[in-house]
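Student: I would like to learn how to read a structure feature by feature, going from a single residue to the whole chain. Could we begin with the general idea each time and then turn to the case in front of us?

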Amino acid sequence: MELVHSGKVRDVYADGDELILVASDRVSVYDVVLPTRIPDKGKILTRLSLWWFEQLADIIPNHIVSAADVPDEWEGRAVRCRRLTMLPVEWIARGYLAGLGLKEYEKSGTVSGIPLPDGLVEASRLPEPIFTPTTKATEGHDEFITYDDVVNEIGDDTATRLRDVTLEIYRRGAAIAAERGIIIADTKLEFGRAADGTLTLGDEVLTSDSSRFWPADQWKPGRPQHALDKQFVRDWSSTLDWDRTPPGPAIPQEVVDATRARYIDVYERLTGTPWTS
């Protein structure tokens, strides 16, 4: 087994024709890995992704081969996957205005070239979900691109298919979450091609690292929302005198504990299963 890639929060190992994707307890904000880990984070994200892959299996194939056939030391935080040739786009769907989407709207009234109604505020629900792709930067930050940019990059047929799939996954996920009292404000997906060319959903899906989750009963537009996701750590880091470059600040224990509790809370609400590590 060979380490082929170590990302901000995941490590990828080659094992013959397949890959082992290992979710660590590392946490990154503003593309900087912080020195403090969140206990069980990797296991929570892995288990939640596996649950979502099952809910979405009829929409598009996914990369999972097995969650059991992995080395013992990574049990619970690793999955065996098909190798994919990943597409150079972050596939983002938004149903609410937040984060970079909000900042873009405040500057131009649009997000990824899509005009939005006047008068929206932070956490406003959009008239309908929108597709707002970004670049997939290996260095620096991702940047918004338009649907036409995606077409130019990967072709019309693939762009159209995956735009539609991205929005369908978001709508399906948002509807399931709403039944459980959770708002999915937005989510980021990644797709690639399997060896036979099949478009395939990869990486993670609808987790607290790739999505914004808000309790529906506390949603109130015009202000920051109660975050059941990584935004809680971003919000804490924004109170510091830190220029968002490495090395990142250590996370206080109370923030670690509160972050872990949020990840567990949303896992239990969505899956209906008590968390056991």
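Tutor: Let us start with secondary structure, where a strand is a DSSP run of at least two residues, and strands are numbered from the N terminus. The model shown here is predicted, and in it Thr135 lies in strand E13, which covers residues 134–135.

Student: Is Thr135 buried, exposed or partly exposed?

Tutor: Buried means under 20% relative accessible area and exposed means over 50%, with partly exposed in between. Thr135 has a relative accessible area of 28%, and it is therefore partly exposed. As for its surroundings, Thr135 and Pro88 are 47 residues apart in sequence, yet their C-alpha atoms are 6.8 Å apart in space.

Student: Where is Ser49 placed, and what is its relative accessible area?

Tutor: Ser49 belongs to helix H1, residues 41–55, and because its relative accessible area is 6%, Ser49 counts as buried. When neighbours within four places in sequence are left aside, Ser49 is in contact with Glu204, Val205 and Thr207.

Student: How should I read the nonpolar core, and which of its residues touch the most other members?

Tutor: Such a core is a set of buried nonpolar residues joined through side-chain atoms within 4.5 Å. The largest one here has 56 residues, and those touching the most other members are Trp52, Ile60, Trp91, Ile169, Phe191 and Leu270. Helix H4, residues 156–179, supplies the largest share of this core, with nine residues. Phe191 shows what such packing looks like in detail, since residues up to four places away are not counted and its contacts still include Ile60, Met86, Trp91, Leu162, Ile169 and Leu201. A second core, separate from this one, has 11 residues, among them Leu34, Trp236, Trp242 and Val256.

Student: What do the values for the whole chain add to this picture?

Tutor: The protein chain has six helices and 16 strands, and of its 277 residues 52% count as buried. A compact globule of 277 residues would have a radius of gyration near 19 Å, and the 18 Å of this chain agrees with that. Among contacts with a separation of 6 or more, 63% are between residues 24 or more positions apart.

Student: How much area does the chain expose, and how far apart are the mean positions of its charges?

Tutor: The chain exposes about 13000 Å², of which carbon and sulfur atoms supply 47%. The mean positions of its 32 positive and 46 negative charges are 3 Å apart.

Key. Residues are numbered from 1 along each chain as its sequence is written. This is a predicted model: local features need pLDDT of at least 70, side-chain atom pairs count only at pLDDT 80 or more; totals for chains, interfaces and linings use all residues. Side-chain values use heavy atoms; hydrogens and water are left out. Helices (H or I, at least four residues) and strands (E, at least two) are DSSP runs, numbered from the N terminus. The radius of gyration is taken over C-alpha atoms; the globule rule is 2.2 Å times the number of residues to the power 0.38. Buried means under 20% relative accessible area, exposed over 50%, partly exposed in between (1.4 Å probe, protein chains only). Contact means heavy atoms within 4.5 Å. Accessible areas come from the Shrake-Rupley method with a 1.4 Å probe; for residues, only the protein chains shown count as cover. Lys and Arg count as positive and Asp and Glu as negative; His and the chain ends are not counted. The place of a charge is taken as NZ of Lys, CZ of Arg, CG of Asp or CD of Glu.
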